[in-house]
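Work through the exercises below with the sequence and the model side by side. Try each task before reading its solution.

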Amino acid sequence: MRLYPTRRAIALMAVGAAPALGVALVAPGLWTAAAAWIVLAIGLMLADALMAASPRGLDLAMAAPRVVGVGRPETARLTAAFAKGGPREIELAVGVNARLTAVPDRQIVRTHEGRAEADVRLDPVRRGEGLIEGLWARWQGPLGLVWLQRHEPALPPLAITPDVAGVKDQALRLFARDAPLGAKPLTDAGEGSDFHALKEFQTGMDLGDIDWKQSARHAKLIGREYRTERNHHILLALDTGRLMSAPTAGLPRIDRAINGALLLAFVSLRMGDRVGLFAFDSRPRLASGLTSGSAAFPLLQRMCAQVDYSTEETNFTLGLTALAGRLDRRAMVVVFTDFADATSAELMIENVARLMRTHLVLFVVFRDEELDGLVTRAPETPDDVSRAVIAERLVRQREGVIGRLKRLGAQIVDAPGEGLGPALLNGYLDVKRRGLV
């Protein structure tokens, strides 16, 4: 418990100090009268502290979730309850570590029957272990001369994981079907390049799917029906180097990449493909075997939670060579990365080209909306002109790298951070529809 004066108490001491000092100077024999004012002020402060509610009778607690997804705010309830009596209002505060933000971190709440409650929004900004480092409550005595403060030590840590709830929300929309009598199994007929059956041609079918020989034999149009091919190998390769820790749309690029990778993994597993995970920066950091079935998704989720933020430069030669050595048959390799200079881009292109001799590469890059804004914004000062010229050069360099990757045969997903998930799924489904794997 802490006890300290309020501004009112300090003002009270200051108001009486000058007259008391004057009396002491004019009549030194009355110096005790000067000290009497200070004693009176201290006495009033002690009386105020005694009349205030005892901090020992305060129960200060916070109800917060134990697991939160990065980028997905959660609400925690902060409660202060006095065993007897209590002030009319109380100030509550919460302290968190750098992986969380608390909004608001300090607020004044009125009490009702000795109890005060307040909601605090916890915003997870980085994966890892989020800590609520302490809870504080303070209130004034009836005279408003002293603050009484109570502090509760750190609460159990919160696990900040990839935003799996958001991933599942997005993915389940793809599988939603109107089913008045219950859920229907997802049909996969009509997609992909795996021949399924012949059926009478119907409006809306592709003219290229007409089987002319069978149509001539039956004297009516007969079309070929296809189904989605299954058991493809999908490898999610995450670049975790320094550039991927830079933020985009309020979250680090690596967190955006992980959310997109988990969304693609969820959908791929549901569609019968086998999915694996690989992470690298200056060297390989994490690798999983290929897994199948919806039950494998929690394993990929736990492995993604282990991917840490890195300050090291990405070694594309070592990372992609190690990745290629783990693949024993043709696969679709989804590479999540970023680049900032011509040298790193050249090394990346060289190694991606080697990988594409055997495998299909789906290349995921983040559109830099800040650079695009600098290019399109009307300049107002000479510095704005310099920034726009440099930004345009970087944008052109980036477009040149993407163009070279396209000419090599790589499939490109170029999207802003917030729209990465849907764009990635569209790219994946397009690859399956065209039978490129």
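**Exercise 1.** How many bridges join E2 to strand E4, and in which sense do the two run?

Solution. This is a predicted model, in which local features need pLDDT of at least 70, side-chain atom pairs count only at pLDDT 80 or more, and totals for chains, interfaces and linings use all residues. Residues are numbered from 1 along each chain as its sequence is written, and side-chain values use heavy atoms, with hydrogens and water left out.
- Strands (E, at least two residues) and helices (H or I, at least four) are DSSP runs, numbered from the N terminus; two strands pair if DSSP finds at least two bridges between them.
- E2 and E4 (residues 74-82) are antiparallel and joined by six bridges.
- Across this pair, aspartate 59 faces alanine 81 of E4.

**Exercise 2.** Place these strands in their sheet and find its edges.

Solution.
- The sheet is open, has four strands in the order E2-E4-E8-E6, and pairs them antiparallel.
- E2 (58-63) and E6 (100-103) are the edges; each has a single partner strand, so one side of each lacks a neighbour in the sheet.

**Exercise 3.** Which side chains of E6 are buried, and which are not?

Solution.
- Buried means under 20% relative accessible area, exposed over 50%, and partly exposed in between (1.4 Å probe, protein chains only).
- The side chains of E6 alternate: Leu100 and Ala102 are buried on one face, whereas Thr101 and Val103 point to the other and are not buried.
- Four bridges pair E6 with E8 (residues 115-124), antiparallel.
- Alanine 102 has leucine 122 in E8 as its bridge partner.
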